[in-house]
Amino acid sequence: MADKDSSAFTWFALCDVDQLGERAIYHTELHGNELVVWRAEDGVVNVWENRCPHRGVRLSIGHHRGDALQCQYHGWQFGSGDGGCRFVPAHPDGAAPPVAVKTWPVQVRDGFVWTCLAQSDEAPPFVPLDELEDDRQQVRLRTVAIDACADDVQRALSAYCFDHADFDAWRTTDCVAFDLGAHAVLIEQLDDAAQRVVFLMQPARAGRTYLHGIALGAFAGEERLAVQRHHQQRLNALRDALEQQAARDEHLSCDRFADQPPPVMPHAQPSTQAVFLSPAMARAVSAEAACASGTIDHADEHAFTVHLARSDRTLSVPAGVSLLQTLREHRIDVPTSCEQGVCGTCRTRVLDGTPLHRDVFLTPQERAAGDCMMVCVSRACGAALTLDL
Ligand code: FES
């Protein structure tokens, strides 16, 4: 657990609340702690330690039961709110054991889910950022993962980004940066009040930061996508520059994490996930079960192109290479957890084209609608797709 004196004892943005779609279970990290974020059917957003208190399996690969999360291993269910165990399948008529998932305080503000690694009664008051509280429209950018420490990202953004040769994408405009504190930086373009971006830093773990971006202004219709695309491209350029700089400069270190305790769930390694899947689950996630329509022949898996509307890029996805793999190779970050089409974390909007669904998350109605897909396992029916990325 985080030290009271560390910067973990403050509020951090974790994810765009829109990523918590119906039944989605979102997996993220904060200061080396794995977290699972989910919204119950009554709208309550939960931020929990991503670990079943029974056998330590990640809850993010479990099932969303409306008002509870069910662990994939032995089926224990933990209720929204207090995280208390409510049901154990092996003892359907007995009382649930008095155990609970570790829960963290939650705030849902300005389109983001925030948390603080403190006990609820010890958490400092949540102080909203004034910049996000006014009535301008917000365009939220796709979160990027940066291989650099949050402090270094913040320092670069607020102190010298506009004097540094690596930041050409930003130097071309007349900008000024303000450190808003609480791991937030405002970038303002002086000649255009509409061009303001607030960055929120999420220190995921040593050497890894998630950077959330929000463009502020008055945007209408098509302009919204153009603004989103413009700032997303700059955000990607910023990430690349920061990573080059972090790799080059010795002073960009991660000393602040050196004395921190290890993550709270050292035994829940990715390699354990498949081991803990029940036989039914293993069947469910197999490609054969996911493609129940019988129309998919893996031997005939075809290449396709994917156009990313926000990034204004078109990528080729070869046969035998997953869409997620292709996105990663091109540094397009998509949040994932199970990467088996089960949890819904990677759910992505489809703007054009027909997806070839291979997940077990979407309902038949959602599949038929064809307006979203799980990029970890699904592909394109035709030659091309356009995604909201
Ligand atoms: S990461 Fe879980 S469905 Fe794609």
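## A salt bridge to start with

Let's open with R86 and D67, whose side chains meet in a salt bridge, 3.4 Å from N to O. R86 sits in strand β8 (residues 85-87), while D67 belongs to the loop between β5 (63-64) and β6 (68-70), so this contact ties together parts that are 19 residues apart in sequence. Neither end is hidden away: R86 is partly exposed at 43% relative accessibility, and D67 is partly exposed too, with 37%. Keep in mind throughout that this is a predicted model.

The loop between β5 and β6 also holds R65. With a relative accessible area of 44%, R65 counts as partly exposed. Leaving aside residues up to four places away in sequence, R65 touches Q70 and Q77. With Q70 there is a side-chain polar contact of 2.6 Å. R65 also has R23 in its surroundings: their C-alpha atoms are 7.7 Å apart, although these positions lie 42 residues apart along the chain.

## More salt bridges

How many salt bridges does a search of the whole structure find? It turns up 14. One of them joins R205 to E29, with the closest N and O atoms 2.3 Å apart. R205 is in strand β16 (residues 196-205) and E29 is in strand β2, so the pair ties together parts that are 176 residues apart in sequence. The two partners differ in how much they show: R205 is partly exposed at 34% relative accessible area, whereas E29, at 13%, counts as buried.

Further along the chain, the side chains of E339 and R328 meet in a salt bridge of 2.6 Å, N to O. Here R328 lies in helix α9 and E339 in the loop between α9 (323-329) and β20 (347-352), with 11 residues separating the two positions. Both ends are partly exposed, E339 at 34% relative accessibility and R328 at 42%. There is also a network of salt bridges, which links D16, D18 and R140.

## An open sheet

Now for the strands. An open sheet is built from 4 strands, running in the order β2-β3-β4-β9 with antiparallel pairing. Why is one side of β2 and of β9 left without a neighbour in the sheet? Both β2 (25-30) and β9 (103-104) stand at the edges with a single partner strand each, so one side of each has no neighbour there. The edge strand β2 is the one that carries E29, the salt-bridge partner of R205.

Inside the sheet, β3 (residues 33-39) and β4 (residues 45-49) pair in the antiparallel sense over 5 bridges. In this pairing V36 stands opposite W48 of β4.

## Aromatic pairs

The structure holds 3 aromatic pairs. W11 and F126 make one of them, edge-to-face, with 5.4 Å from centre to centre and 90 degrees between the planes. W11 comes from strand β1 (residues 11-16) and F126 from the loop between β11 (112-116) and α1 (130-133), so the pair ties together parts that are 115 residues apart in sequence. Both W11 and F126 are buried. W114 joins these two residues in one aromatic cluster.

W38 and W48 form an edge-to-face pair as well, at 5.3 Å centre to centre and 80 degrees between the planes. This one connects strand β3, home of W38, with strand β4, home of W48, across 10 residues of sequence. Both W38 and W48 are buried. So W48 turns up twice in our tour, as the residue opposite V36 and as the ring partner of W38.

## Charges over rings

Rings have charged company too. The charged end of R23 sits over the ring of F361, 4.6 Å from its centre. Likewise, K102 places its charged end over the ring of W104, also 4.6 Å from the centre.

## A hairpin further on

Last stop: β18 (residues 304-308) and β19 (residues 313-317), which pair in the antiparallel sense over 5 bridges. H307 stands opposite T314 of β19. The two strands form a hairpin with 4 residues between them. Which residue in the turn has a positive phi? That would be D312, with a value of about 55 degrees.

Notes. Residues numbered from 1 in each chain as written. Predicted model: local features only at pLDDT ≥ 70, side-chain atom pairs only at ≥ 80, totals over all residues. Heavy atoms only, no water. Pairing = 2+ DSSP bridges. Phe/Tyr/Trp six-rings, centres within 6.5 Å; stacked < 30°, edge-to-face > 60°. Buried < 20%, exposed > 50% of the residue type's maximum accessible area, 1.4 Å probe, protein only. Lys NZ or Arg CZ within 6 Å of the ring centre and 35° of its normal. Salt bridge = Lys/Arg side-chain N within 4 Å of Asp/Glu carboxyl O. Contact = heavy atoms within 4.5 Å. Polar contact = N/O pair within 3.5 Å; in protein donor to acceptor, adjacent residues only side chain to side chain.
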